Amino acid sequence: MNVSVASILISVALSTGTALGAWPSWEQRKELWLRGEITDRAANKTWDVVVVPGAQAINRRFRDAWRDSAETLASMAHEPFWARRKAQLTSGLRFSRRAVRTQGLDGIAHDFDETRAENGKVAHGEMGSVFFPLVNWTWFGVRSTARTVWMPVGAAGGVAYGVGAPVISTVTQVVLKGAVYDALARGVAMPAALYAWNGIAWVALSAGNVPTRESAFVRLVPRNQVAVIPEQDVVVERAAFEAIVRHAVVKQVTNDRLAELSARIQQIEEEAHAKEQPLVEERYAVLQRFAKNPEPGAGAAIRIADDARAGRSIRLSPDASALYRNPPELSGLVERALEEAGIAQPSDQLVDHALRAVAADVGALHLDRVKSAEPSHAVIATVLSVPVRADEIEPSSEEVREIDRSLSPDASEADRAKRIASLRARRLEARIAGPLGKRFCAEHACEPTRQEIEAMRDIAVGRTAGAPDDEAIRDWIWTWNFHRALHEKYGGQVIMQTTGPNAVEARRRWLEDEEANGEFRIGDSDLRAGFFEAVSAYRGNPIADPAEVFAHPPWASARDERR
């Protein structure tokens, strides 16, 4: 299209539905060329001619495009640019490690433990007591196979992302955006086209008259949008320049510090992974050895356990029964087994831990004769018709050794027996007061609300380095409400402890009422006396006005502050 044809078309378009005034002056033509506008000073109106972009607007587009291109290309010399590329690489490699370690090796280990736990829940004589373990192990095999297949796939995908993402983002940001789009398209091609069009439109419209009303191609510019001085220079004073310098320095220092911290975090993560990876591999190897090369005699132990689950009667021979009833000899056998497993000189705590595992496995055999012959399984109390047995409150060998270490050299055997009896009484108190407390609170609304938990979490976050979880906060509020309900019903002295107010006297009166109503019973008189002595033995600072304290719990004040 040549200039004359374009002029005719533009003039026709502008004249359609637009009233024209006087012929434009040279100042108005200059204004049209520079800004794409015509000012009618007689009518005090400025008209925006849409089809003329204006040389000043084209110049701004040109400068903005090359500035954006320069900033994009210059970003490659800045630390944050390469830090983001490094973060993409690290993210991909970390995903690969998770695919192999967390979702693969650790997942197989978790599935193995879960399968054993599920099989342990199957009692002998139940329907499917043989079939369900077989199904569980089959499902374990399926999941292990799936995790094994996923490990190389996830590892390869993470590596591909870690290598490909930095390259693609660099090409996209620097080459495509900085060089092609900003520099060539916006900085060269578009300004050239706009300058050509600006000249064609300006020549065509210079032959017409000044508009007098709006149309599709002419708009009235509001007076508050009319530029008074186009392209006015901005003078930066010394104070403003100093502020610019300070801002640039602070920004650069901040970026350098962030980059330094990111590098240190990355280094720590890599060191932690280097230390953790051998342990993960060793754990996986241990599981494989246990599955492929079980210890001597494991076959016989597994067959006996299968017989017990199938409902067969299991009993110990006289020699085996004698070994089971002789703690020193049994402890020696456990120590030798630990040494054979590769643990030299096992500690007393480890031996005690292994003894509990032996007791659990032997207990799963349902040895009724052995159990009935053991005094530790005798019923010593009942609470809500549920029996409490002696072994439930018996201290472990490690706890007894701890008591022995805490006693003074001149302490008598009676002092030792009193300490052990006090520990038994405290455990019996927990076995009895726990179920009764839950029933009491079900009738007195002790359960905290979600708003109370959130308010208490705000207090915990403000006062501690690590905030407790919601379950711990729920238990704390539940205990507060429990003692408040006890005091409202029974009264008496309340003491302040680190865990909050304790309605110690009301709690003792409540337990006396529960015993009188037959809700629990302790057969042995000495054990009963020790029980109530433990109930009354709590110590703390007495609270002068318990009702006032219970009426203003901490979470209530936190909730008021949030409002």
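Is His-483 buried or exposed? His-483 counts as buried in this predicted model, because its relative accessibility is 7% and the limit for buried is under 20%. The legends below start from the whole chain and then move to the close-up views.

**Figure 1. Overview of the predicted model, a chain with 20 helices and nine strands.** The chain has 563 residues, and 31% of them count as buried. Among contacts with a separation of 6 or more, 71% are between residues 24 or more positions apart. One disulfide turns up when the whole structure is searched.

**Figure 2. Close-up of His-483 and its surroundings in helix α16.** Residues up to four places away in sequence are not counted here, and the remaining residues touched by His-483 are Pro-501, Asn-502, Ala-503, Arg-507 and Phe-550. Of these, Arg-507 is part of the contact that α17 makes with α16. Pro-501 belongs to β7, where it is the bridge partner of Met-496. The side chain environment is that of a buried residue, since His-483 has 7% relative accessibility.

**Figure 3. Close-up of the crossing of helices α16 and α17.** Helix α16 covers residues 470-490 and helix α17 covers residues 504-516. Their axes come within 9 Å and cross at roughly 75°. The two helices are therefore roughly perpendicular, because angles of 65 to 115 degrees are placed in that class. On the α16 side the contact is made by Phe-482, His-483, Leu-486, His-487 and Tyr-490. On the α17 side the residues are Ala-506, Arg-507, Arg-509, Trp-510 and Asp-513. By residue class, the contact of α16 with α17 divides into five nonpolar, two polar and three charged residues.

**Figure 4. Close-up of the open sheet with the strand order β7-β6-β9.** The sheet has three strands, and the pairing is antiparallel. The edge strands are β7 (500-502) and β9 (541-542), each of which pairs on one side only. Strand β6, residues 495-497, is joined to β7 by three bridges, and these two strands run antiparallel. Within this pair, Met-496 has Pro-501 of β7 as its bridge partner. Strands of a sheet pair through backbone hydrogen bonds, either parallel or antiparallel.

**Figure 5. Close-up of the open sheet with the strand order β5-β4-β8.** Three strands form this sheet, and their pairing is antiparallel. Strands β5 and β8 stand at the edges with a single partner strand each, so one side of each has no neighbour in the sheet. From one strand to the next, the twist averages 25°. Helix α14, residues 413-444, packs on the sheet and touches β4, β5 and β8. The direction of α14 makes about 20° with that of β4. Three bridges join β4 to β8 (residues 520-522), and the two run antiparallel. In β8, Phe-520 stands opposite Val-383.

**Figure 6. Close-up of the hairpin of β4 and β5, with two residues between the strands.** Strand β4 spans residues 379-383 and strand β5 spans residues 386-389. Four bridges join these antiparallel strands. Val-383 has Val-386 as its bridge partner in β5, and Thr-382 stands opposite Pro-387. Leu-384, in the hairpin, takes a positive phi near 55°.

**Figure 7. Close-up of Val-379 in strand β4.** Which residues is Val-379 in contact with, leaving aside its neighbours within four places in sequence? They are Pro-387, Val-388 and Arg-389. Val-379 counts as partly exposed, because its relative accessibility is 44% and this class runs between the 20% limit for buried and the 50% limit for exposed. The C-alpha atoms of Val-379 and Glu-392 are separated by 9.9 Å, the two residues being 13 residues apart along the chain.

**Figure 8. Close-up of the disulfide of Cys-441 and Cys-446.** The two sulfur atoms are 2.3 Å apart. The link is left-handed, with -75° about the S-S bond. Cys-441 counts as buried because its relative accessibility is 6%. Cys-446 is buried too, with a relative accessible area of 1%.

How values were computed
Residues are numbered from 1 along each chain as its sequence is written. This is a predicted model: local features need pLDDT of at least 70, side-chain atom pairs count only at pLDDT 80 or more; totals for chains, interfaces and linings use all residues. Side-chain values use heavy atoms; hydrogens and water are left out. A disulfide is a pair of cysteine sulfur atoms within 2.5 Å. Buried means under 20% relative accessible area, exposed over 50%, partly exposed in between (1.4 Å probe, protein chains only). Two strands pair if DSSP finds at least two bridges between them. Axes are lines fitted to C-alpha atoms, for helices over the stretch in contact, and angles run from 0 to 180 degrees between N-to-C directions. Angles under 35 degrees count as roughly parallel, over 145 as roughly antiparallel, 65 to 115 as roughly perpendicular and the rest as oblique. Contact means heavy atoms within 4.5 Å. Ala, Val, Leu, Ile, Met, Phe, Trp, Tyr, Cys and Pro count as nonpolar, Asp, Glu, Lys and Arg as charged, and the others, Gly among them, as polar.
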